[in-house]
Structure formats: structure tokens, C-alpha cells
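Let us put some labels to the test. Each one has to earn its name from a value and a rule.

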Amino acid sequence: DTVLILNGPNLNLLGRRQPHIYGHETLADVEARCRETAAELGLSVVFHQSNAEHQLIDWIHEYRVDAAGIVINPGAFTHTSVAILDALNACEVPVIECHISNVHKREAFRHHSYVSLAATAVMAGFGTHGYVLALRHVAQLHRTKGD
Ligand code: DQA
């Protein structure tokens, strides 16, 4: 059982980019924590980052039926991308939208999310721990489905 964890634009700079907002952990640190948690939950993780919208869409297509769930931090595409929304609407598995910062406390343009229209659940403001919590929730949903 695989959980797809996707990261959108600029998240490759995590840890160096606006650390007062996003913290000092790098994306590699986040990936390591997700892998630890997944191992504990008996899940495997596919972890990707891209600055390109089409690449994120292609990964969503690849896993839209076969994953236990998808955790996605779409970065700024959250607020702009109907194409990512459409891809997520084609998913038959739970989709957790995950933001490191509390987007609702920030600029007004971050308050609207296209992605939320397709999301099973939304996390914001949990820092990088949000990924781990999202992963635990996917595991929980997956177990419930199997019962
Ligand atoms: C973000 C919030 C977005 O508004 C922003 O464009 C990002 C990161 C977050 O994780 O808090 O790139 O998704």
C-alpha cells in the first residue's frame, strides 16, 4: 500500500526559503520523517517535488486509483490551478491537502484554494508535522476501508 506525497513549486527550497514562515527543516528532512512514519504504519511512500504543473498532474494520474491516498502540498498552485483540481477530481483515493503555514492567517490571495474542492481533508499551520499527521490519517482511512 503506497501513499503518494507530492510537493509543488518552491518546496525544493524548504529550510532556506522564508524560514520564519516555513521553518528550518528541509524537504529531505520531511521525506525522512514521512518514511519513518510510513514504515511504522506498514505503508510505503512515494515522495516527489516539482516546480512544474504538468509533472504534478502526471504523478496524480499515475496514482489516482492505486494509491492508499495522496498527500499534496501544491504550493502556490493551490491558489491558481484548475488543472490540478481537475486531476484530483479524477482520483478515486483520499486526497489530503497539506500546507505548512496557516494560509488563512496570511495574504488574502492564499485564502482561496482550488485544491480544497477536491480534498478529503485540509491541513494548514501544523508546520512540517502536518505531513506526518496527514499520513497517519490516510493510514486510518485505509484501515477503515479494509474492515
Ligand atoms: C504553502 C502555502 C502556499 O500559499 C505557498 O504558495 C506555498 C506553500 C504552505 O505549505 O504553507 O508555496 O502551500
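Q: What makes the 5 strands one open sheet, and in which order do they lie?
A: This is a predicted model. In it, the strands line up as β2-β1-β3-β4-β5, with parallel pairing. The sheet is open, with edge strands β2 (44-49) and β5 (121-124), and each of these pairs on one side only. On average, neighbouring strands are turned by 15° against each other, direction ignored.

Q: How do you know that β1 pairs with β2?
A: Pairing takes at least two bridges between two strands. Strand β1 (residues 2-7) is joined to β2 by 6 bridges. Therefore the two count as paired. They run parallel. One position to look at is V3, which stands opposite V45 in β2.

Q: What does helix α2 touch on the sheet, and what angle does its direction make with that of β2?
A: Helix α2 (residues 27-41) packs on the sheet and touches β1 and β2. The angle between the directions of α2 and β2 is about 165°. Angles here run from 0 to 180 degrees between N-to-C directions, so α2 and β2 point in nearly opposite directions.

Q: What pattern do the helices and strands follow along the sequence?
A: The protein has 5 helices and 5 strands. Their pattern reads β-α-α-β-α-β-α-β-β-α.

Q: Why does the radius of gyration agree with a compact globule?
A: For 147 residues, a compact globule would have a radius near 15 Å. The protein has 14 Å, so the value agrees.

Q: What share of the residues is called buried?
A: The cut-off is 20 or more other C-beta atoms within 10 Å. Of the 147 residues, 34% count as buried.

Terms used. Residues are numbered from 1 along each chain as its sequence is written. This is a predicted model: local features need pLDDT of at least 70, side-chain atom pairs count only at pLDDT 80 or more; totals for chains, interfaces and linings use all residues. Helices (H or I, at least four residues) and strands (E, at least two) are DSSP runs, numbered from the N terminus. Two residues are in contact if their C-beta atoms, placed from the backbone, lie within 7 Å. The radius of gyration is taken over C-alpha atoms; the globule rule is 2.2 Å times the number of residues to the power 0.38. A residue is buried if 20 or more other C-beta atoms lie within 10 Å of its own, exposed if 12 or fewer, and partly exposed in between; C-beta atoms are placed from the backbone.
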